[in-house]
Amino acid sequence: PTWAETELQRLREQGAPAEEITRWEQIAAEQKTAEAEMRARRAREQEFMAALFGPLGPLVFELSLSDKAVQGTIRAQAPDSALVRKVTVPRDAPPLAITAAGERVVLGAGVSVDVAEALLAVDAALKADGESLEKLFEEIRRKLTIDPRAALGSLDGTVSFALTLKDPLALISDKGGQSLGLHVALGLKAPAEAQALVDVAALKLPPGAKVKRNAKTRGFSLPVPDWREVHVAVVGKTLAVTTDPEFLRRVERGAAGALDKVLPTPTVPVVTTRDAVGVFFMDYLMPMGLLASRRSDYAYDPSTNQPYWRFPEVAHEKIDKVPHSAAYKAKLKEWRALDAKARKAEEARERAQTKVLLAVAGSIGALAVDLRETGDGLQLEGGQFFGPGGLARAIELGIDATAVRDNEPIWELYDKRSKAEQELQEVRARDVEKALGVLAPPP
């Protein structure tokens with residue numbers, strides 16, 4: 001029995017009032033229904049996972065270690081009936097969003113799928129969660145007034161994206177996020193239908209979005225606040241979304257970017273493998289950059305902090321009306337000067353720490369893997385490719401980063417600022433005592 005049924009049985013045995021019995025009968029029924037729904041959901045999820053991979057055969061690992069990389073392969077047997085085998089299709093070209101990039105790629109992926117099979121797989125996943133693809137499409141139709149099934153029907157199944165960095169050192173500045181770029185490339189089998197969708201999308205954007213149409217590409221661009229301008233266009237058989245107009249021109253010419261500038265050289269063969277069904281790439285500048293871009297940003301002014309707790313019997317409004325004395329203003333000026341020094345020192349420390357973190361990322365290098373179909377299953381191949389100095393250098397730099405964090409002068413500034421604030425509060429308490437004729441207990 002469930003816990004609610006156990007409690008209901010106890011109440012019955014004790015002769016509880018009828019209304020209490022009725023209430024617990026309802027609780028027990030609701031719990032029983034919820035548990036039945038949970039069991040059904042778990043069964044659907046297990047059924048979906050079984051269909052996704054099928055009865056997997058043995059996993060075979062191969063690994064090679066060196067001071068340059070940790071590389072290897074993972075092979076698994078999977079039947080043709082597995083959804084993952086039905087959905088994926090070997091591509092005949094490397095991921096365009098990565099290879100046509102003009103800036104350093106820090107995160108990228110590409111996949112080639114059978115669109116119809118992919119939709120069936122998504123529908124199965126949604127049904128395992130009690131939803132459905134048709135319900136999702138209906139919601140999209142209602143909100144965007146477009147037919148998502150028709151839109152997806154214009155795609156050929158090749159998808160790739162890349163995040164890029166124009167200048168990694170820009171992460172040190174407050175506007176480091178603006179150096180991050182984006183490329184998305186969707187392969188098309190019906191470019192005319194995709195162009196119609198682009199036209200509709202341009203019209204549906206809010207009036208204040210400052211959309212600019214491009215007569216040459218028949219696409220549009222949209223400035224994104226505190227970032228870059230995003231360009232959208234159908235170029236040949238590709239729907240491209242990018243922050244770099246040159247990306248559109250490279251796609252149009254079928255030209256690749258300078259791969260030795262946008263990817264670490266050892267990863268290029270992995271990323272550009274033509275017979276893969278998917279590829280994933282991550283330069284460790286990405287996670288380290290996100291970590292480094294965090295800034296200590298606070299806005300605090302002690303003049304807004306009144307010593308109410310020192311005068312529990314006095315109304316806050318009376319304390320607020322007490323004017324600041326000359327002594328208080330002088331101490332507040334001293335606090336603000338110390339605060340400015342502390343902020344400046346913190347910014348310098350953050351810049352130094354960011355440089356160290358970026359150097360650590362350079363030594364760790366990049367992760368690159370590709371997924372291929374074999375005669376009887378799937379194979380994942382690639383590895384971790386180290387940069388200059390490898391892991392040994394990364395560990396040394398990590399120790400340096402700790403030293404940067406343990407900056408004694410800045411803690412001295414924090415202590416001085418804290419002491420100045422305590423003194424400021426004491427001056428304010430004396431002002432309140434004098435103005436209102438009350439005495440504050442010792443702090």
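## Salt bridges within helices

The side chains of Glu426 and Arg430 come together in a salt bridge, with 2.8 Å from N to O. In this predicted model, the two residues lie four places apart in helix H16 (residues 408–436), and so about one helical turn separates Glu426 from Arg430. An α-helix has 3.6 residues a turn, so residues three or four places apart point the same way. Both partners are partly exposed: Glu426 has a relative accessible area of 24%, and Arg430 stands at 36% relative accessibility. Elsewhere, salt bridges that share partners join Glu134, Glu138, Arg141, Asp147 and Arg149 into one network.

A second pair within a helix is formed by Lys331 and Glu334, whose closest N and O atoms are 3.0 Å apart in a salt bridge. Here the spacing is three residues in helix H14 (residues 326–364), and Lys331 and Glu334 are therefore separated by about one helical turn. The two ends of this salt bridge fall into separate accessibility classes, since Lys331 counts as buried at 16% relative accessibility, under the 20% limit for that class, whereas Glu334 is partly exposed with a relative accessible area of 36%.

## A salt bridge between a strand and a helix

How many salt bridges does the structure hold? The structure holds 36 salt bridges, and one of them joins Arg213 to Asp199, with the closest N and O atoms 2.9 Å apart. This pair links distant parts of the chain, for Arg213 belongs to strand E6 (residues 212–214) and Asp199 to helix H8 (residues 191–204), the two being 14 residues apart. Arg213 is partly exposed, with a relative accessible area of 45%, and Asp199 also counts as partly exposed, at 22% relative accessibility.

## Helix H9 and its two sides

Which residues of helix H9 (residues 245–253) are buried? The buried residues of H9 are Phe247, Leu248, Arg250 and Val251. When the helix is viewed down its axis, these buried residues fall within an arc of 165°, so they line one face of H9. On the other side of H9, Glu252 and Arg253 are exposed. The cover over the buried residues of H9 includes helix H4 (96–99) together with three strands, namely E5 (180–188), E8 (229–235) and E9 (238–242).

The two ends of the helix can also be described. At the N-terminal end, Asp244 caps H9, with a side-chain oxygen that lies 3.0 Å from the backbone nitrogen of Glu246. Just after H9, Gly254 takes a positive phi of about 70°.

## Buried residues and their contacts

Met282 is found in strand E10 (residues 278–283), where it is buried with a relative accessible area of 18%. Leaving aside residues up to four places away in sequence, Met282 touches Val106, Leu107, Pro287, Ala366 and Leu367. Of these contacts, the one with Leu367 can be described further: the C-alpha atoms of Met282 and Leu367 are separated by 5.2 Å, although the two residues are 85 residues apart along the chain.

Gln425 has its place in helix H16, the helix that also holds Glu426 and Arg430. Gln425 is buried, with a relative accessible area of 14%, while Glu426 is partly exposed at 24%. Apart from residues up to four places away in sequence, Gln425 touches Pro302, Asn305, Gln306 and Pro307.

## Exposed side chains and a nonpolar patch

Is Arg142, found in helix H6 (residues 133–144), buried or exposed? Arg142 is exposed, with a relative accessible area of 54%, a value that lies over the 50% limit for that class. A polar contact of 2.6 Å joins the side chain of Arg142 to that of Glu139.

What makes up the nonpolar surface patch of about 370 Å²? Leu59, Phe61, Ile74 and Leu380 make this patch, and Leu59, one of its members, has its place in strand E1 (residues 59–65).

How values were computed:
Residues numbered from 1 in each chain as written. Predicted model: local features only at pLDDT ≥ 70, side-chain atom pairs only at ≥ 80, totals over all residues. Heavy atoms only, no water. Salt bridge = Lys/Arg side-chain N within 4 Å of Asp/Glu carboxyl O. Buried < 20%, exposed > 50% of the residue type's maximum accessible area, 1.4 Å probe, protein only. Patch = residues over 30% accessible without salt bridge, like charges linked within 9 Å, V, L, I, M, F, W, Y side chains within 5 Å. Areas by Shrake-Rupley, 256 points an atom, 1.4 Å probe, with all protein chains shown as cover. Arc of directions from axis to C-beta. Contact = heavy atoms within 4.5 Å. Polar contact = N/O pair within 3.5 Å; in protein donor to acceptor, adjacent residues only side chain to side chain.
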